[in-house]
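Reader: I have a model open and want to learn to read it. Can we go feature by feature?
Author: Yes. Here it is.

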Amino acid sequence: MKPRPLIVYISGPMTGLPACNYPAFDRKAAELRALGFEVLNPAEMPRPVRADGKTPTHGDYMRSAQRMLLGADVVYLLPGHLTSVGAEAECHTADSIGAPGFDDVASLVAFDGSADGIALRGRAP
């Protein structure tokens with residue numbers, strides 16, 4: 001029986017960046033999918049809908065992203081993740097569920113489940 005593909009969540013900065021940094025998320029998602037990974041890309045998730053009909057807040061987006069992250073085996077960290085409040089929160093969640101983090105594709109491709117990846121806690125300076 002063939003094992004299922006590794007599920008990779010992409011984490012990185014969005015807030016305050018041009019186009020919310022979606023192009024960087026989308027490029028990395030395409031690269032990882034081409035390598036056979038299943039990818040969870042928060043740039044592809046539907047816009048959160050609030051019960052009160054108001055515009056979604058940063059917190060609404062983070063709740064949606066955190067739910068997505070819970071389905072991941074590992075986290076891929078985009079450049080700039082060290083200074084992103086959202087990526088910091090995602091790193092803490094990933095650490096708490098035992099999902100190792102990677103910031104380079106070669107290490108992710110070589111991952112066999114026995115390594116820890118990079119340390120995720122305390123990422124921001």
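Reader: What is the order of the four strands in the open sheet?
Author: First, a caution: this is a predicted model. The strand order is β2-β1-β3-β4, and the pairing is parallel.

Reader: Which strands stand at the edges, each with a single partner strand?
Author: β2 (38-40) and β4 (101-102) do. Each has one partner strand, so one side of each lacks a neighbour in the sheet.

Reader: How many bridges join β1 and β3?
Author: Four. Strand β1 covers residues 7-11 and strand β3 covers residues 74-77, paired in the parallel sense. Now read the register. V8 has V74 as its bridge partner in β3. Y9 has V75 as its bridge partner in β3.

Reader: How many bridges pair β1 with β2?
Author: Three, again in the parallel sense. Look at V8 once more: its bridge partner in β2 is V39. So much for that side of the sheet.

Reader: And how many bridges pair β3 with β4?
Author: Two, in the parallel sense. Here V75 has G101 as its bridge partner in β4.

Reader: Next, burial. Are the residues of β1 buried or exposed?
Author: β1 is mostly covered, with five of its five residues buried. Then sort them by direction. I7, Y9 and S11 point one way, V8 and I10 the other, and all are buried.

Reader: Which residues lie on each side of β3?
Author: V74 and Y76 are on one side, V75 and L77 on the other. All four positions are buried, leaving both faces of β3 covered.

Reader: On to helices. How are two packed helices described?
Author: By the angle between their axes and the distance between the axes. Take helix α2 (residues 58-69) and helix α3 (residues 85-97). Their axes come within 10 Å and cross at roughly 30°. That makes α2 roughly parallel to α3.

Reader: Is the crossing of α2 and α3 right-handed or left-handed?
Author: Right-handed.

Reader: Which residues of α2 and α3 make the contact?
Author: From α2, they are M62, A65, Q66 and L69. From α3, they are G86, A89, E90, T93, A94 and I97.

Reader: How do the residues of that contact divide into nonpolar, polar and charged?
Author: Six are nonpolar, three are polar and one is charged.

Reader: Now the loops. Where is N21?
Author: N21 sits in the loop between β1 and α1 (22-34).

Reader: Is N21 buried or exposed?
Author: Check its relative accessible area, which is 16%. Buried means under 20%, so N21 is buried.

Reader: What is N21 in contact with, leaving aside neighbours within four places in sequence?
Author: P13 and M14.

Reader: Where is G80?
Author: G80 is in the loop between β3 and α3. G80 is partly exposed, with a relative accessible area of 35%.

Reader: How many residues apart along the chain are G80 and P13?
Author: They are 67 residues apart. In space, their C-alpha atoms are separated by 6.0 Å. P13 links back to the other loop residue too, being in contact with N21.

Key:
Residues are numbered from 1 along each chain as its sequence is written. This is a predicted model: local features need pLDDT of at least 70, side-chain atom pairs count only at pLDDT 80 or more; totals for chains, interfaces and linings use all residues. Side-chain values use heavy atoms; hydrogens and water are left out. Two strands pair if DSSP finds at least two bridges between them. Axes are lines fitted to C-alpha atoms, for helices over the stretch in contact, and angles run from 0 to 180 degrees between N-to-C directions. Angles under 35 degrees count as roughly parallel, over 145 as roughly antiparallel, 65 to 115 as roughly perpendicular and the rest as oblique. A crossing is left-handed if the near helix is turned anticlockwise from the far one by less than a right angle, and right-handed if clockwise. Contact means heavy atoms within 4.5 Å. Ala, Val, Leu, Ile, Met, Phe, Trp, Tyr, Cys and Pro count as nonpolar, Asp, Glu, Lys and Arg as charged, and the others, Gly among them, as polar. Buried means under 20% relative accessible area, exposed over 50%, partly exposed in between (1.4 Å probe, protein chains only).
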